[in-house]
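Look at the model below. This report walks through some of its helices and two of its loops.

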Amino acid sequence: MSLLPNQQAADEQVSTYKVERPCETPLSSAVKAFFEKHHRFRFVLLVVVLLGTCMVIGDGVLTPAISVLSAVSGVKVKIHNLHENYVVAIACAILVGLFALQHYGTHKVAFLFAPVVIAWLICISGVGIYNIIHWNPKVFRALSPYYMYNFLRKTNVEGWVSLGGVVLCITGAEAMFADLGHFSQLSIKIAFTGLVYPCLILAYMGEAAFLSKHKWDLQRNFYKAIPEAVFWPVFIVATLASIVGSQAVISATFSIISQCSALSCFPRVKIIHTSNQIFGQIYIPEVNWILMCLCLAVTIGFRDTNLIGHAYGLAVVTVMFVTTCLMSLVIIIVWQKNILVALSFLVIFGSIELLYISTCLIKVPEGGWVPLVLSLIFMAIMYVWHYGTSKKYEFDSQNKVSMKRILSLGPSLGMVRVPGIGLIYTDLVTGVPAIFGHFVTNLPAFHRVLVFVCIKSVQVPYVPSDERYLIGRIGPKEYRMFRCIVRYGYKDVHQENYDFENQIVQNISEFIQKDNEEDSLDYNTEMCSTARMAVFSTSTDSVMKIVLSDQENERSPVHKFHVRSSEIDSFTPRKKEVRFELLKSPDIDPRVRQELIDLVEAREAGVAYMLGHSHVKAKKSSSILKKFAIDIAYNFLRKNCRGPDVAFNIPHISLIEVGMIYYV
């Protein structure tokens, strides 16, 4: 059920996979087989997942707008003559400042977040207790579900419609997943159950007590219920809390888009890690400015928290319902529970959420259309990108270069093999990509050592660095052709810098030493390109070592190469050199030593990065919709997103591109 069919059995051997899960039950196997067999239902599942994801992104637009505007609008309680335009202008100024500061990261001001939130919870709970005691102590009876039932029974349709506003009481819970990257599940449960939930209950009961004595004073009743003596401190804390809440949702939006991009469901974007100490704090410039423009458009366009609330409520409850539906699948497939447990969960929570959705849908003409439009736009972008990427991968899979052709060319591959290492980037994890045939056709010479590099994301959050590289050989040993699969989790940092080349060389050298057990293989089948791939990390008994040293203090080794200090470490003031040394070992096979020497000499000669400058076009027999999706939409996204050379940090001086047209 992966997004791209490039998963391997070796990926499940990564240590971060949950190996303690129970054996598959017949029900979980049947559900997985059902989705794997029926393409249409996989499509429906993908659309549902994208809908929930896009609603979360829409939440990232609406939350800052409604939070900041509602907080700032409280000033009109004290300054009655303040024009609405000034309130909107102040809210917009705060939003611009909030988004403008994103590139600095949250780590510099994160120490203020917890005190602000705690102060906010203390304020609203304190004000709530005051209002309960001062206006209506009997409001505690509202905790009984009987009053909810009695309210709906007496009000009928009007009570059902009011649920569209009640749903705003639980907004924010849908973004709680963003906390999992920074806190444990237990700490979140304790904080929510022991502090957040009681404070919210007290705050809402206090508002209810105030409204029971001021039934016609509905506009900005929260600020009107604040005692005069503490109004301005509470107002300042409320504004700061709205900024903190907005920051949390913006960070969550960055995180979910980063993961979607890693899973080939969003165009490549620039991801900047803003903290060296705290992992997971990222900043995406393109997304940040798009969110800012959309937030300003919503704030200026609606100018009313009630209208924004209609849109906000629909987005939140849709995310919750999608989460419930997907969670029922998780209960069956991942947790291996009985189907009755999953159905009970789906019916109980799903029916409540559908009730809220039905009330929010009638608010579509009054602002509820905003999350629908935003989600449709983002869904179109994400689905077109995923569809085009899948078709491109399918073309590569169906047009591999046969091993018979490679073997017929001989060790020289029918051209001059010059010193150096050629890294050929491809999405394929098996076989030789079609782009290699174009390289052979268009280039009169090729490097002595060829490495087909596949950088892919696996279905775990993180992959340990010592399990990241999967190395194998393509063809006989004298061909000097290897495959390197670089595996990242969807939350991992993609940093292909100078050390990337060294790590590949070191892992290939480990593979060469371990590959000496078998001298002959049958290379007349396609299976040879996938055989005997293994994970290697630098071992203590390796005959080839990487040494980092000062140039002026080291003698010249047997095999070494220089790298500029700026490429090694931006924090290293003195110029360093990286070198490979072959240790003297009488036990090493002469053929292995010669292959290692060839590898080191090729690295000394330099590394070239080879990418296919592909242009994807729909076949002439394709439908009009497919031609529009591929020829216009997908190619537009490819031209305006970050290219693979930028995404992989490939130096332009070492880049070779060969054009190729993909007819999908």
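Helices (H or I, at least four residues) and strands (E, at least two) are DSSP runs, numbered from the N terminus. The model is predicted, so local features need pLDDT of at least 70 and side-chain atom pairs count only at pLDDT 80 or more, while totals for chains, interfaces and linings use all residues. Residues are numbered from 1 along each chain as its sequence is written, and side-chain values use heavy atoms, with hydrogens and water left out.

**Two loop arginines**

Most residues other than glycine have a negative phi. Two arginines have a positive one. Arg 303 sits in the loop between helix H10 (285-302) and H11. Arg 480 sits in the loop between strand E5 (469-473) and strand E6 (481-489). Buried means under 20% relative accessible area, exposed over 50%, and partly exposed in between (1.4 Å probe, protein chains only).

| Residue | Phi | Relative accessible area | Class |
|---|---|---|---|
| Arg 303 | near 60° | 26% | partly exposed |
| Arg 480 | near 55° | 15% | buried |

**Helix H12**

How far apart are the end C-alpha atoms of helix H12? They are 30 Å apart. The expected span of a helix is 1.5 Å times one less than its number of residues. For the 23 residues of H12 (residues 339-361) that gives 33 Å, so the two values agree.

H12 has a kink of about 30°, centred on Gly 350. The bend at a residue is the angle between axes fitted to the seven residues ending there and the seven starting there. Gly 350 is also one of the buried residues of H12, which include Glu 353 and Tyr 356. The buried residues of H12 pack against helix H6 (157-166) and helix H11 (305-333). Contact here means heavy atoms within 4.5 Å.

**Helices H5 and H6**

Helix H5 (residues 145-155) packs on H6 at an angle of about 120°, with the axes 5 Å apart. That makes H5 oblique to H6. Angles under 35 degrees count as roughly parallel, over 145 as roughly antiparallel, 65 to 115 as roughly perpendicular and the rest as oblique. Axes are lines fitted to C-alpha atoms, for helices over the stretch in contact, and angles run from 0 to 180 degrees between N-to-C directions. From H5, Phe 151, Leu 152 and Thr 155 meet residues of H6, among them Trp 160.

**Helix H15**

Helix H15 (residues 434-442) has buried residues including Phe 436 and Phe 439. Its buried residues pack against helix H14 (403-409) and four strands, E3 (416-425), E4 (445-458), E10 (607-617) and E11 (655-663).
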